[in-house]
Amino acid sequence: MKTKKLVAGMLFIGLCLVSQAQTTNKNKTTSDPDNLAKEYFSQIMGVAVSATTNTKLYQFVYEWVGTPYRLGGDSKRGIDCSKFSLALYENVFNTTIGYNSRNQYANVTPIRKNDLQAGDLVFFKIRSRSITHVGVYLGDDKFAHASSSKGVMVSNLNEPYWSRYYYNGGRPKKDEEDRIMTADITTNKDNNLN
């Protein structure tokens, strides 16, 4: 009889410890809104939680998904691919990039497909020798863009259509890289004038 009481007591203590551990884990998950947001966007966009590093990026894309396509458009009533990437960069990264896909490509450092990171731009040459389409890479081969047929959406770079027309990825050049020489020259001139 004592053995049964001892076993029952140990089971009870074990259940209490397991219950306490589960409660602690739940509190950690629910008390961190960034983790909840990352998990949410991960599920919606089909991107691994580990790839959802910039919650602001995914929130921006989520808010625009479903916006209809309109050539030259720049609002939620209708937007084209380059204006979508421009709006995203202005709102998420506080950076201005070019106003069309070719101009945007001229302002990036080319990135190989395997080295793409969330926020990089992806460029396509669709039935053309020049760049005709741009999107923003999200991770796990997914990218957000304004499709002429379905509006703002998330697509996979490995889909046959996108894979066929994929040209290159790019990361916007940092201002410091572009201004190194002029900043040095200006600084020296200013010092000589004083």
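Trainee: How many aromatic pairs does the structure hold, and what makes two rings a pair?

Mentor: This predicted model holds 12 aromatic pairs. Rings of Phe, Tyr and Trp (its six-membered ring) pair if their centres lie within 6.5 Å. Local features need pLDDT of at least 70, side-chain atom pairs 80 or more, while totals for chains, interfaces and linings use all residues. Residues are numbered from 1 along each chain, and side-chain values use heavy atoms, without hydrogens and water.

Trainee: Why is the pair of Y161 and W162 called edge-to-face?

Mentor: Planes under 30 degrees apart count as stacked, over 60 as edge-to-face, the rest as tilted. The planes of Y161 and W162 are 90 degrees apart, with 4.9 Å centre to centre. So the pair is edge-to-face. Both rings belong to a cluster that also links F124, F143, Y165 and Y166.

Trainee: Which of the classes buried, partly exposed and exposed fits Y161, and which fits W162?

Mentor: Buried means under 20% relative accessible area, exposed over 50%, partly exposed in between (1.4 Å probe, protein chains only). W162 has 8%, so W162 is buried. Y161 has 29%, so Y161 is partly exposed.

Trainee: What makes K125 a charge over the ring of Y167?

Mentor: NZ of Lys or CZ of Arg must be within 6 Å of the ring centre and within 35 degrees of the ring normal. The charged end of K125 sits over the Y167 ring, 3.9 Å from its centre. K113 sits over the ring of Y166, at 5.0 Å.
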